[in-house]
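Here are my notes from going through this one, as numbered points. Have the viewer open while you read.

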Amino acid sequence: IKHGFFTRKGGISDGLYTSLNCGFGSGDRVENVNTNRNCALLELGALNTSLLTCNQIHSSRALIVTSPWSAKDRPAADGMVTAIPGITLGILTADCAPVLFTDPTAGIIGAAHAGWRGALDGILEATIGQMIGLGSLNSNIKVAIGPCIGESSYEIGPEFRDIFINSSANNNQFFKPTSRKGHHMFDLASYIEHRLLDVGITEIYKTGYDTCQDADLFFSYRRSVKRGEQGYGRGLSVITMVT
């Protein structure tokens, strides 16, 4: 089992997409994206695998992958699991959290795209549920939370916080007030960790990078908005069982 959280370096794209942009949903040229994806697989030592990504929609939908699909036929979902070697599960992000799962005992892997909406609505639990359906046990699942927007970069308004507090009063711990009335900083990675712990996942790793702050290493939607840019790239995170 191999996995990787890639930075924006090491590809061929230029301009706003410099350089390892792996998102078909960006404004980059398709041929650049395809080349960049192959560069990532080569670096991972998984060039002989099929890299699959979804049309990510900030949902709680997780799929069991039994065979590869083409880029134009990618399904609408935010989580994938598989027990089939030779398939690489890929998550595309630009501030949302890529979350990778593995049960090395059962030989099952998973990947989820966890923005605030998906995490709140249950994409993590849905992905774990699909792994359990294939034969995993919660006690055997290990999870890595990849680079995402950090607490110090994620200021939100009162309506956002209210959604979380209405879901559970315990969610207040993930918000710190700012000097602006009604505004708070939100800790997405810690919220994700909390959701995982709640369902019995105890082996959890966090990379700790802030995608919004580190422009040299990561793409960021929020940073692009602040700068008034017309587009942004997508970073790639992957997990696979190579043959």
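**Notes on the model**

1. Let's start with a loop: His58 is found between S2 and strand S3 (62-64). Helices (H or I, at least four residues) and strands (E, at least two) are DSSP runs, numbered from the N terminus. His58 has a positive phi of about 60° although it is not a glycine. Its relative accessible area is 39%, so His58 is partly exposed; the cut-offs are under 20% for buried, over 50% for exposed and partly exposed in between, with a 1.4 Å probe and protein chains only.

2. Before going further, some ground rules. This is a predicted model, where local features need pLDDT of at least 70 and side-chain atom pairs count only at pLDDT 80 or more, while totals for chains, interfaces and linings use all residues. Residues are numbered from 1 along each chain as its sequence is written, and side-chain values use heavy atoms, with hydrogens and water left out.

3. Other backbone spots deserve a look too. Most residues other than glycine have a negative phi, and most peptide bonds are trans. Asp95, in the loop between S5 and strand S6 (97-103), is not a glycine and yet has a positive phi of about 125°. Asp95 is buried, at a relative accessible area of 8%. The peptide bond from Thr18 to Ser19 is cis, with omega near -5°, and Ser19 sits in the loop between S1 and helix H1 (30-44).

4. Now the sheets. Two strands pair if DSSP finds at least two bridges between them. One open sheet has four strands in the order S1-S13-S5-S2, with mixed pairing. Its edges are S1 (2-5) and S2 (50-52), each pairing on one side only. On average, neighbouring strands here are turned by 25° against each other, direction ignored; the axes are lines fitted to C-alpha atoms, and angles run from 0 to 180 degrees between N-to-C directions. S2 and S5 (residues 87-93) run parallel and are joined by three bridges, and Ser50 has Ile87 as its bridge partner in S5.

5. There is also an open sheet of three strands, ordered S9-S11-S10 and antiparallel in its pairing. S9 (155-156) and S10 (175-177) are the edge strands. Two bridges join S9 to S11 (residues 184-186), and Ile156 is partnered by His184 in S11.

6. How many disulfides does the structure hold? Zero, where a disulfide is a pair of cysteine sulfur atoms within 2.5 Å. The sulfur of Cys96 has its closest cysteine sulfur in Cys148, 8.7 Å away, which is too far for a bond. Both residues are worth clicking on: Cys96 is buried at 18% relative accessible area, and Cys148 is buried at 3%.

7. On to the packing. A nonpolar core is a set of buried Ala, Val, Leu, Ile, Met, Phe, Trp, Tyr and Cys residues joined through side-chain atoms within 4.5 Å. The largest one has 34 residues, and those touching the most other members are Val99, Phe101, Leu124, Phe186, Leu188, Ile192 and Leu196. Elements giving two or more residues to this core include S6, strand S7 (108-114), helix H3 (123-134) and helix H5 (188-198). H5 supplies the largest share, five residues. A second, separate core of 14 residues includes Leu52, Cys54, Leu100 and Ala111.

8. Two close-ups from that region. Leaving aside neighbours within four places in sequence, Val99 is in contact (heavy atoms within 4.5 Å) with residues including Gly110, Leu124, Val143 and Ile192. In H5, the buried residues include Leu188, Tyr191, Ile192 and Arg195. H5 is followed by Gly200, with a positive phi near 90°.

9. Last, the aromatics. Rings of Phe, Tyr and Trp (its six-membered ring) pair if their centres lie within 6.5 Å; planes under 30 degrees apart count as stacked, over 60 as edge-to-face and the rest as tilted. That rule gives 15 aromatic pairs. Trp116 and Phe160 make a tilted one, at 4.8 Å centre to centre and 55° between the planes. Trp116 lies in helix H2 and Phe160 in helix H4, so the pair ties together parts that are 44 residues apart in sequence. Trp116 is partly exposed at 23%, whereas Phe160 is buried at 12%. Ring pairs also link Trp116 and Phe160 into a cluster with Tyr154, Phe164, Phe174, Phe175, Phe186 and Tyr191.
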